[in-house]
Amino acid sequence: MRRVLDKLETQHPDADTELHYTTPFELLVATILSAQSTDARVNMVTPALFKRYPNAATLARATTAELEPQIHSTGFFRAKSKALLGMAQALVANHGGEVPPVMDKLVELPGVGRKTANVVLGHALGVPGLPVDRHVLRVANRIGIAEGDDPVLVEEQLTRALPKERWTRTSDTLILHGRRICRPKPLCDECAVRDDCDYFRLVIARARDRKSPKLKKGRAGTKARAGGDTRPARKAAGGKRGNARKP
């Protein structure tokens, strides 16, 4: 796993979160907004949003009617506005308006799951975290460095095999690789770890060599007939040996 990640980090030396922020609070807001949206879209919305609501106290005093039009373009704006307001109010009520640097405290906030908490911990608070999103799931499973579709289980597999100081960088690298190279339709010829990848070896390479499982079965049958087993040919010719006309 470490050897594979070393290669990926060489291919993506600029890997980092693409969300724009200056404080842990801003990154928390941006990450909540990024659900079912793109980082680029969120980055278009947040400058004006952060200017109007620079901290939890100001956001906690807002209303959904005020907030929804400002975040409308990120999608699911009604649910996100409720989550943002609930999160800000909880920060003010329970944490003095500050973002707590503890996973258990973060996931208690409205709208904050484990992935969002790991993003904020790893990038804004200096606490090792390995966010697992759809890109990390896809890339890690395809390459074969993790197995499963449960983000928590994949996070456990990756963090167990890596030193803590690599956790956040690993997530950023896998996410960027998933966006640039290992897309739903992957660009395998541009991948730095193609030779280490289970998906390339078992799916792409086999298809290129015309060695898919179905074709293997067909070739086996052809080989058997070529070696003297002519039963399929007799059946096609019209019957049993006794019904065949002698030359």
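**Exercises on a pocket, a cavity and a helix**

In this predicted model, the largest pocket is lined by 30 residues, and those nearest its centre are Ser34, Ala35, Lys115, Asp133 and Arg134.

**Exercise 1.** Describe the largest pocket by its volume, by the elements that line it and by the classes of its lining residues.

*Solution.* Begin with the volume, which is about 630 Å³. Next, turn to the elements: α2, α6, α8 (114–124), α9 and α11 (167–180) each contribute at least two residues to the lining, and α11 gives the largest share, with 5 residues. Finally, sort the lining by class, which yields 10 nonpolar, 11 polar and 9 charged residues.

**Exercise 2.** Determine how many cavities of 30 Å³ or more the model holds, and characterise the largest cavity.

*Solution.* The count comes to 1 cavity of 30 Å³ or more, and the space in the largest cavity is about 80 Å³. Of the 13 residues that line the largest cavity, Cys182, Pro186, Cys188, Cys191 and Cys197 are the closest to its centre, while α9 (134–143) and α12 (198–208) are the elements that give two or more residues to this lining. By class, the lining of the largest cavity has 10 nonpolar, 1 polar and 2 charged residues.

**Exercise 3.** Check the span of helix α6 (residues 77–95) against the expected value, and state what covers its buried residues.

*Solution.* At 1.5 Å a residue, the 19 residues of α6 should span 27 Å, and the end C-alpha atoms lie 25 Å apart, which agrees. The buried residues of α6 include Phe77, Leu84, Met87 and Leu91, and their cover includes α2 (24–33), α4 (56–60) and α5 (64–71). Just after α6, Gly96 adopts a positive phi of about 60°.

Definitions and conventions:
Residues are numbered from 1 along each chain as its sequence is written. This is a predicted model: local features need pLDDT of at least 70, side-chain atom pairs count only at pLDDT 80 or more; totals for chains, interfaces and linings use all residues. Side-chain values use heavy atoms; hydrogens and water are left out. On a 1 Å grid over the protein atoms alone, a cavity is a set of points where a 1.4 Å probe fits but cannot get out, and a pocket is an open set with protein on both sides within 12 Å along at least five of seven lines; lining residues have an atom within 4 Å of a point. Grid points are joined across faces, edges and corners, and a volume is the space filled by probe spheres set on the points. Helices (H or I, at least four residues) and strands (E, at least two) are DSSP runs, numbered from the N terminus. Ala, Val, Leu, Ile, Met, Phe, Trp, Tyr, Cys and Pro count as nonpolar, Asp, Glu, Lys and Arg as charged, and the others, Gly among them, as polar. The expected span of a helix is 1.5 Å times one less than its number of residues. Buried means under 20% relative accessible area, exposed over 50%, partly exposed in between (1.4 Å probe, protein chains only). Contact means heavy atoms within 4.5 Å.
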